[in-house]
Amino acid sequence: MSARPDKVLVDPLAAEWPAPRPELGDALSRRINADPEGVEQGLAQLVLTIVELLRQLMERQALHRIEGGSLDDEEIERLGRTFMALSDRMEQLKEAFGLSDEDLNLDLGPLGNLM
């Protein structure tokens, strides 16, 4: 039988840790906001940005269908009312969370900005 070495336990507290870097603390505090109100606003910004992106995609699809003649007048009217109601609600939500159109703008790379 071959001899097996005993397991060696290492005390993690005894290990040398790198010295804290104060300049990283400032950068980290700018990126991570543990304030509950800030988290709520950040989440609202993300959700409203996604909703705005989807709204714009749906409007483009609706226009494509209108131009293609695949919708009747009643469907076109219903789509118009729906997009107007969504736009009104988006304005209310942006106001409630203190957000502007620029806060919801995304850089889509080669496609340009969302708004």
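**Close-ups of a three-helix chain**

**View 1. What sits buried in α3.** In this predicted model, the buried residues of α3 are Phe83, Met90 and Lys94. Helix α3 itself covers residues 73–96 and has the highest mean pLDDT among the elements of the chain, at 94. It has 24 residues, and from first C-alpha to last it reaches 35 Å, close to the 34 Å expected at 1.5 Å a residue.

**View 2. The two ends of α3.** At the N-terminal end, Asp72 acts as the cap: one of its side-chain oxygens lies 3.1 Å from the backbone nitrogen of Glu74. Past the other end, α3 is followed by Gly98, and the phi of Gly98 is positive, near 65 degrees.

**View 3. A nonpolar patch on the surface.** Here Leu43, Leu46, Val47, Ile50, Leu54 and Leu57 make a nonpolar surface patch of about 540 Å². Take Leu46, which belongs to helix α2 (residues 36–68). Leu46 counts as partly exposed because its relative accessible area is 49%, and the partly exposed range runs from 20% to 50%.

**View 4. Helix α1, the one to read with care.** Helix α1 spans residues 22–31 and has the lowest mean pLDDT among the elements, just 50. Where pLDDT is low, the predicted coordinates shouldn't be read in detail.

**View 5. Stepping back to the whole chain.** Follow the sequence and you get the pattern α-α-α, with three helices and zero strands in total. The chain has 115 residues, and 13% of them count as buried. Its mean pLDDT is 77, with 69% of residues at 70 or more.

Technical notes
Residues numbered from 1 in each chain as written. Predicted model: local features only at pLDDT ≥ 70, side-chain atom pairs only at ≥ 80, totals over all residues. Heavy atoms only, no water. Patch = residues over 30% accessible without salt bridge, like charges linked within 9 Å, V, L, I, M, F, W, Y side chains within 5 Å. Areas by Shrake-Rupley, 256 points an atom, 1.4 Å probe, with all protein chains shown as cover. Salt bridge = Lys/Arg side-chain N within 4 Å of Asp/Glu carboxyl O. Helix = DSSP H or I, 4+ residues; strand = E, 2+ residues; numbered from the N terminus. Buried < 20%, exposed > 50% of the residue type's maximum accessible area, 1.4 Å probe, protein only. pLDDT = per-residue confidence, 0-100. Expected span 1.5 Å × (residues − 1). Polar contact = N/O pair within 3.5 Å; in protein donor to acceptor, adjacent residues only side chain to side chain.
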